[in-house]
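Biologist: Could you take a close look at one part of this model for me, the packed interior and the helices that build it? I would love a connected walk-through, with the charged pairs brought in at the end.

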Amino acid sequence: MTSRPARLPPRGQDPHPAGTGARNRRTRTPAHTRDRTGAADTRARILEAARRELGRNPDCTLADIAEAAGVARRTVYVHFAGRAELVGGLAAEAAEAVRLASEVAHVTAPDAATALARFVLTLWPAADRYRVLVNLARRQDLGAHRVDEVLAPARTAVAGILTQGQRQGLFHTTLPPGSLSRALEAYLLSLLDTVNAGAWTDDGTTAATAALIVAGVDRNLATTTVRRLHDDALGPPHSPH
């Protein structure tokens, strides 16, 4: 018996209709997904340009920021209604960075001095990155309530560490934890201000050591604690091959 040849589908019809196998389907990223990704990338580029340009010159215009971001000024307005909203976008990024750094405070530490040093070392890169907000807050570009929102997780974390340290006898008890936390905050913000002014730079180790000393830790213990954490973060040296 002669077998019949397989019937071919009419011209233009998909020989492998839907459901016949995923391997035969072409997968394409939907246009709306590509648009969202592109918009998010553009928004991030504008924020990064704003962080740089406002750090150099707090009086820079949206046109300056648009030029630095490589976009038209009208594109900036697509993402941000104006300067205030753009600064708010930077504050939102900073708030997320502070929140993530503050989670370090919940990691078990052998003592409060180690916990405070680790917190400052973790937070410092984010604080250094967004130190432009210190000047913007002083210029009233960023309201006090927004500053409070950004710093709230850090204030809670530090107050908890200070309470623990006072109970352990590591930190002085001249001030209650809340007041001591605000004093440390002001001190660290003043250090960031000197970085803004170009008078000082730090990778966080000096700031962490100073924070411990202000809290009441012996200078030698403070230095040793921070050095140990810094060395642990770097890891053991790699042996040559």
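Modeller: Happy to, and let me start with Leu-54. Leaving aside neighbours within four places in sequence, Leu-54 is in contact with Cys-60, Ile-65, Arg-83, Val-87, Leu-90, Val-132 and Leu-136. Please keep in mind that this is a predicted model. Leu-54 is also one of three residues, together with Ile-65 and Leu-116, that touch the most other members of the largest nonpolar core, which holds 63 residues. The helix that gives the most to this core is α5, with 12 residues.

For the setting, the protein chain has 10 helices and zero strands, so the pattern read along the sequence is α-α-α-α-α-α-α-α-α-α. The chain has 241 residues, and 36% of them count as buried. Among its contacts with a separation of 6 or more, 68% are between residues 24 or more positions apart.

Now to α5 and one of its partners. Helix α5 (residues 112-129) packs against helix α9 (residues 205-215) at an angle of about 145°, and their axes are 9 Å apart. The crossing of α5 and α9 is right-handed. On the α5 side, the contact is made by Ala-113, Leu-116, Ala-117, Val-120, Leu-121 and Trp-124. On the α9 side, it is made by Thr-205, Ala-207, Ala-208, Ala-211, Leu-212 and Ala-215. Sorted by character, the residues of this contact come to 11 nonpolar, one polar and no charged. Leu-116 thus ties two parts of the story together: it belongs to the contact with α9, and it is among the three core residues that touch the most other members.

What about α9 itself? Eight of its 11 residues are buried, so α9 is largely enclosed by the rest of the structure. The buried ones are Thr-205, Ala-207, Ala-208, Thr-209, Ala-210, Ala-211, Leu-212 and Ala-215. After α9 comes Gly-216, which has a positive phi, near 115°.

Thr-205 deserves a moment of its own. This residue is found in helix α9, and Thr-205 counts as buried because its relative accessibility is 19%, where the cut-off for buried is under 20%. Not counting residues up to four places away in sequence, Thr-205 touches Leu-121, Val-226 and His-230. Leu-121 is one of the α5 residues in the helix contact described above. Thr-205 and Thr-223 are 18 residues apart in sequence, and their C-alpha atoms are 8.7 Å apart in space.

A loop residue makes a useful contrast. Pro-176 sits in the loop between α7 (144-168) and α8 (177-196). With a relative accessible area of 48%, Pro-176 is partly exposed. Its C-alpha atom is separated by 9.1 Å from that of Ala-159, and the two residues are 17 residues apart along the chain.

That leaves the charged pairs. Side chains of opposite charge can pair when their charged atoms come close. A search of the whole structure finds 14 salt bridges, and I will go through three of them.

The first pair on my list is Glu-48 and Arg-51, whose side chains meet in a salt bridge at 2.6 Å, N to O. Both residues lie in helix α1 (residues 31-56), three residues apart, about one turn of the helix. Glu-48 counts as partly exposed, at 23% relative accessibility, whereas Arg-51 is buried, with a relative accessible area of 17%. The pair also belongs to a network of salt bridges that links Glu-48, Arg-51, Arg-52 and Arg-129.

Next on my list, Arg-99 forms a salt bridge with Glu-103, and the closest N and O atoms are 2.7 Å apart. Arg-99 is partly exposed at 34% relative accessibility, and Glu-103 is partly exposed too, with a relative accessible area of 41%.

My last pair is Arg-155 and Asp-148, whose side chains meet in a salt bridge at 2.9 Å, N to O. Here Arg-155 counts as buried, at 14% relative accessibility, while Asp-148 counts as partly exposed, at 36%.

Key: Residues numbered from 1 in each chain as written. Predicted model: local features only at pLDDT ≥ 70, side-chain atom pairs only at ≥ 80, totals over all residues. Heavy atoms only, no water. Salt bridge = Lys/Arg side-chain N within 4 Å of Asp/Glu carboxyl O. Helix = DSSP H or I, 4+ residues; strand = E, 2+ residues; numbered from the N terminus. Buried < 20%, exposed > 50% of the residue type's maximum accessible area, 1.4 Å probe, protein only. Axes fitted to C-alpha atoms, helices over the stretch in contact; angles between N-to-C directions. Left-handed = near helix turned anticlockwise from the far one by under 90°. Contact = heavy atoms within 4.5 Å. Nonpolar A, V, L, I, M, F, W, Y, C, P; charged D, E, K, R; others polar. Core = buried A, V, L, I, M, F, W, Y, C linked by side-chain atoms within 4.5 Å.
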